[in-house]
Amino acid sequence: MSYATIADFQRIGLPGGALESISFESIQGELDAASDEAGTYVGCKYTMPISAPYDRTLVRAVCCIAGWNLMAFRGFNPENAGDQVVRQRWTDSIKWLERVANGQARMQVIEASPPSLQPDLSTNAMRGYSPDPNVTNAPIVGTSGGGWGV
């Protein structure tokens, strides 16, 4: 499950020419990996899995992480200002995710329902407990005044 789509990545991630030789499958793989990484932070604060629609800041963070991972694969030039911007966006995204995990930043999420703490109850056929004493499978009620007697 990915928090961002290829369309999100094309809009937010990297300039179009930066990854001309990278396939859509590779981009989707990095979006999936970045989503898994982001989930390790988000899961510290929210009940997982969260449901779509995803917070726009989370989508952006996933695209920035995936963009950095793809740039690192392609090759990073520390002298190139554009590459430095990609690295800074990755750093900022990780810091934001850390703040989410620590409760210092909030997201708009739809959390999974937590597991019920109530026991699951079920029964077979009626066992004869009826408020109507004329019902044949009603419990025997004694008149001796002492418990279950006859």
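Colleague: At what angle do helix 3 and helix 4 pack, and how far apart are their axes?

Modeller: This is a predicted model, to be clear. In it, helix 3 (residues 56–74) and helix 4 (residues 81–101) pack at an angle of about 135°, and their axes are 8 Å apart.

Colleague: Why is that pair called oblique?

Modeller: Roughly antiparallel needs an angle over 145, and roughly perpendicular covers 65 to 115. The value here is about 135°, which falls in neither range, so helix 3 and helix 4 are oblique to each other. Their crossing is left-handed.

Colleague: Which residues make the contact between helix 3 and helix 4?

Modeller: From helix 3 you get Thr57, Leu58, Arg60, Ala61, Cys64, Ile65, Gly67, Trp68, Met71 and Arg74. Helix 4 brings Asp83, Val86, Arg87, Arg89, Trp90, Ser93, Ile94, Trp96 and Leu97. Sorted by class, that contact holds 11 nonpolar, 3 polar and 5 charged residues.

Colleague: And what makes helix 2 oblique to helix 3?

Modeller: The axes of helix 2 (residues 24–42) and helix 3 cross at roughly 125° and come within 8 Å. The perpendicular band stops at 115 and the antiparallel one starts over 145, so helix 2 is oblique to helix 3. The crossing of helix 2 and helix 3 is right-handed.

Colleague: What meets what there?

Modeller: On the helix 2 side it's Ser26, Ile27, Glu30, Leu31, Ala34, Ser35, Glu37, Ala38 and Val42. They meet Leu58, Val62, Cys63, Ile65, Ala66, Asn69 and Leu70 in helix 3. The class split for helix 2 with helix 3 is 11 nonpolar, 3 polar and 2 charged.

Colleague: How do helix 2 and helix 4 pack?

Modeller: At an angle of about 35°, with axes 8 Å apart. Glu37, Ala38, Tyr41 and Val42 of helix 2 make the contact with Ile94, Leu97, Glu98, Val100 and Ala101 of helix 4. By class there are 7 nonpolar, no polar and 2 charged residues in the contact of helix 2 with helix 4.

Colleague: How do you know that the length of helix 4 agrees with what is expected?

Modeller: At 1.5 Å a residue, its 21 residues should span 30 Å, and the end C-alpha atoms of helix 4 are 30 Å apart, so the two agree. Helix 3 gets a similar check: with 19 residues, it reaches 27 Å from first C-alpha to last, close to the 27 Å expected.

Colleague: Which residues of helix 3 are buried, and what do they pack against?

Modeller: The buried ones in helix 3 are Leu58, Val59, Ala61, Val62, Cys63, Cys64, Ile65, Ala66, Gly67, Trp68, Leu70 and Met71. The buried residues of helix 3 pack against helix 1 (6–12), helix 2 and helix 4. In helix 4, the buried residues include Asp83, Arg89, Trp96 and Leu97. The buried residues of helix 4 pack against helix 1, helix 2 and helix 3.

Colleague: Why does Arg74 count as partly exposed?

Modeller: Buried would take under 20% and exposed over 50%. Arg74 has 40% relative accessibility, so it counts as partly exposed. Arg74 is in helix 3. Leaving aside neighbours within four places in sequence, Arg74 is in contact with Ala18 and Asp83. The C-alpha atoms of Arg74 and Ala18 are separated by 9.0 Å, though the two residues are 56 apart along the chain.

Colleague: What makes Pro15 exposed?

Modeller: The relative accessible area of Pro15 is 58%, and the cut-off is over 50%, so Pro15 is exposed. Pro15 is in the loop between helix 1 and helix 2. The C-alpha atoms of Pro15 and Gly67, 52 residues apart along the chain, are 9.7 Å from each other.

Colleague: What is the omega of the cis peptide bond from Met48 to Pro49?

Modeller: Omega is near -5° for that cis bond. The bond from Ala52 to Pro53 is cis too, with omega near 5°. Pro49 is in the loop between helix 2 and helix 3, and Pro53 has its place in the loop between helix 2 and helix 3 as well. Most peptide bonds are trans.

Colleague: How many helices and strands does the protein have, and what share of it is buried?

Modeller: There are 4 helices and 0 strands, running α-α-α-α from the N terminus. Of the 150 residues, 34% count as buried. Among contacts between residues at least 6 apart in sequence, 70% join residues at least 24 apart.

Definitions and conventions. Residues numbered from 1 in each chain as written. Predicted model: local features only at pLDDT ≥ 70, side-chain atom pairs only at ≥ 80, totals over all residues. Heavy atoms only, no water. Axes fitted to C-alpha atoms, helices over the stretch in contact; angles between N-to-C directions. Helix = DSSP H or I, 4+ residues; strand = E, 2+ residues; numbered from the N terminus. Parallel < 35°, antiparallel > 145°, perpendicular 65-115°, else oblique. Left-handed = near helix turned anticlockwise from the far one by under 90°. Contact = heavy atoms within 4.5 Å. Nonpolar A, V, L, I, M, F, W, Y, C, P; charged D, E, K, R; others polar. Expected span 1.5 Å × (residues − 1). Buried < 20%, exposed > 50% of the residue type's maximum accessible area, 1.4 Å probe, protein only.
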